[in-house]
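Take a moment to look over the sequence and turn the model around on your screen. Then let's walk through it together.

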Amino acid sequence: MGCFGCFERKRSGRSKPSSSALSPLSTSRSDDSGAPGRHAGTSSGSAATTTTTTTTTLSSPRSLPSLYEERAHNLRAFEFKELRSATDGFSRQLKIGEGGFGCVYRGSIKAHNGNTNTAVAVKKLNHNSLQGHKQWLAEVQFLGVVEHPNLVKLIGYCAVDGERGCQRLLVYEFMPNKSLDDHLFNKVYPSLPWNVRLQIALGAAEGLTYLHEGVEVQVIYRDFKASNVLLDEEFKPKLSDFGLAREGPSPGNTHVSTAVMGTYGYAAPDYIETGHLTAKSDVWSFGVVLYEILTGRKSTERNRPRNEQKLLDWVKRYPVESRRFGQIMDPRLENQYSMRAAREIAKLANICLSKNARDRPKMSEAVESIKQAMQFQEMDGCTDAVEGNLAKATEVDRETKDEQEAGSTESLRRRMLHLAKLNESANVVGRRKFMLMNVADPL
Ligand SMILES: Nc1ncnc2c1ncn2[C@@H]1O[C@H](COP(=O)(O)OP(=O)(O)OP(=O)(O)O)[C@@H](O)[C@H]1O
Ligand SMILES: [Mg+2]
């Protein structure tokens, strides 16, 4: 298949003449300046990256490019018209989601060798841009190499550079139960039971462990969040969206220096500040999602009272060892959870959220902690929650008093916040992703 030579071509610096249906091989030419994997030893991915020391040509021959050449032959190169017909012309009725990079459609494709139909999700990137292409290419490269029950399977891709612009599409296995984000935060769906939440946390942790510790090259996922944890028919989690994934630091280096990219509310503060990316940046994001699973609250919720908008600030007021801890638990659990398990998960979240990245656990250690927490089976969540309600009453009193004292300045502030919120909801997709090209050499 055409994609075998993808990295070879980039190394030699040659490009293929344009055609209407291109493989990652030939589309990579437009990426030469942004350059994932230009030569062995350079980190690959969707954006500008430099390693911490001068890269040598002696780095491992088993780089991402060579792994891709070995493993990606299972990917199918689709023609645009095949995917158009698979999705009824990208029909609105078949649209199942929309993210920062484009719309996702449900579709049906015929297997290579017969008439059986397979349900797929087709993501059509809406960026007619170099950045969109880079994210598409990173996704093809990484998902072409990795294979794990907790990672979504990429079936194939489509790239067209025609007179009417560029089209970049990805075809995944279809995940029938939406995302963890939908089930935690959208009240349309029934609340996820406690055991299912723990299973999801465990599966997601195992997926990250595989990326960090189980592939020949380390993969840093860089966009771990509840909306990227998709759920299969049995609610088993699979990580999706590898557009921001990066190859980890080469041997002898502690981190990869990158332009800062990710999603507000999930990216590690040290990464945002320095642009130094490590697997521990994913561990921070995992800690955020653990608190989302416990509380049923999103990492940032603008429609809450001011002092509850940032989940991590809010939960700090209910320390894990205190009697008030139960108060953070998702009311939709209706006390059907093990308090001991919940405390263990919160402790794990806290170390994942250590300020110093080196103090955060490895994901394999997080997996062990979750397994231990799962041993607590008693559904005794009510005890502390009742105590918590008392504490909550006291707290509400205190907050009301604080707010009265803040007086008119606060009311002005709120009006400003309200305006900001209106502005945000007008551009809800745009606000979630960020790219701050403030650190690394963008090319
Ligand atoms: N393989 C899939 N199977 C079924 N549904 C999917 C699949 N991939 C994506 N979706 C649906 O499409 C939605 C949008 O996904 P997408 O990754 O584009 O955006 P997002 O994760 O919500 O936001 P962001 O762009 O910030 O990552 C998902 O929440 C999910 O409901
Ligand atoms: Mg996503």
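When we say a residue is near a molecule, we mean that its C-beta atom, placed from the backbone, lies within 6 Å of that molecule. Keep in mind that what you're looking at is a predicted model.

**Around the ligand**

Which residues come nearest to ligand 1? There are 23 residues around ligand 1, and G97, G99, G100, A121 and M175 come nearest. Two elements give two or more residues to this shell: β3 (95-99) and β5 (117-125). Strand β3 supplies the largest share, with four residues. As for chemistry, the shell is a mix of nine nonpolar, eight polar and six charged residues.

So where does ligand 1 sit relative to the domains? Both domain 1 (16-173) and domain 2 (180-239 + 278-380) give residues to the shell, so ligand 1 lies between them.

**Two residues to find**

Try picking out G97 and K124. Here's how they compare:

| Residue | Strand | Other C-beta atoms within 10 Å | Burial |
|---|---|---|---|
| G97 | β3 | 16 C-beta atoms | partly exposed |
| K124 | β5 | 20 C-beta atoms | buried |

Why does K124 count as buried? The cut-off for buried is 20 or more other C-beta atoms within 10 Å, and K124 has 20 of them, so K124 is buried. G97 has 16 such atoms, so G97 is partly exposed.

K124 also carries a label from a database: an unreviewed UniProt entry places the feature "binding site" there. Leaving out neighbours within four places in sequence, K124 is in contact with F90, G102, C103, Y105 and L169.

G97 has a pairing to look at, too. G97 and A121 are 24 residues apart along the chain, and their C-alpha atoms are separated by 9.7 Å.

**The nonpolar core**

Now look at the largest nonpolar core, which has 103 residues. Within this core, V171 and L290 touch the most other members. The core draws at least three residues from each of domain 1 (16-173) and domain 2 (180-239 + 278-380).

Which residues does L290 touch, if you skip those up to four places away in sequence? They are A201, I345, L348, A349 and C352.

**Stepping back**

Finally, zoom out to the whole chain. You'll find 14 helices and 15 strands. Of the 443 residues, 44% are buried. And if you take the contacts between residues at least 6 apart in sequence, 69% join residues at least 24 apart.

How values were computed
Residues are numbered from 1 along each chain as its sequence is written. Chains are lettered from A and ligands numbered from 1 in the order in which they are written. This is a predicted model: local features need pLDDT of at least 70, side-chain atom pairs count only at pLDDT 80 or more; totals for chains, interfaces and linings use all residues. Ala, Val, Leu, Ile, Met, Phe, Trp, Tyr, Cys and Pro count as nonpolar, Asp, Glu, Lys and Arg as charged, and the others, Gly among them, as polar. Domain bounds come from an automatic or database domain assignment. A nonpolar core is a set of buried Ala, Val, Leu, Ile, Met, Phe, Trp, Tyr and Cys residues joined through C-beta atoms within 7 Å. A residue is buried if 20 or more other C-beta atoms lie within 10 Å of its own, exposed if 12 or fewer, and partly exposed in between; C-beta atoms are placed from the backbone. Two residues are in contact if their C-beta atoms, placed from the backbone, lie within 7 Å. UniProt positions are given in the numbering used here, feature names are shortened, and annotations may be inferred rather than shown by experiment.
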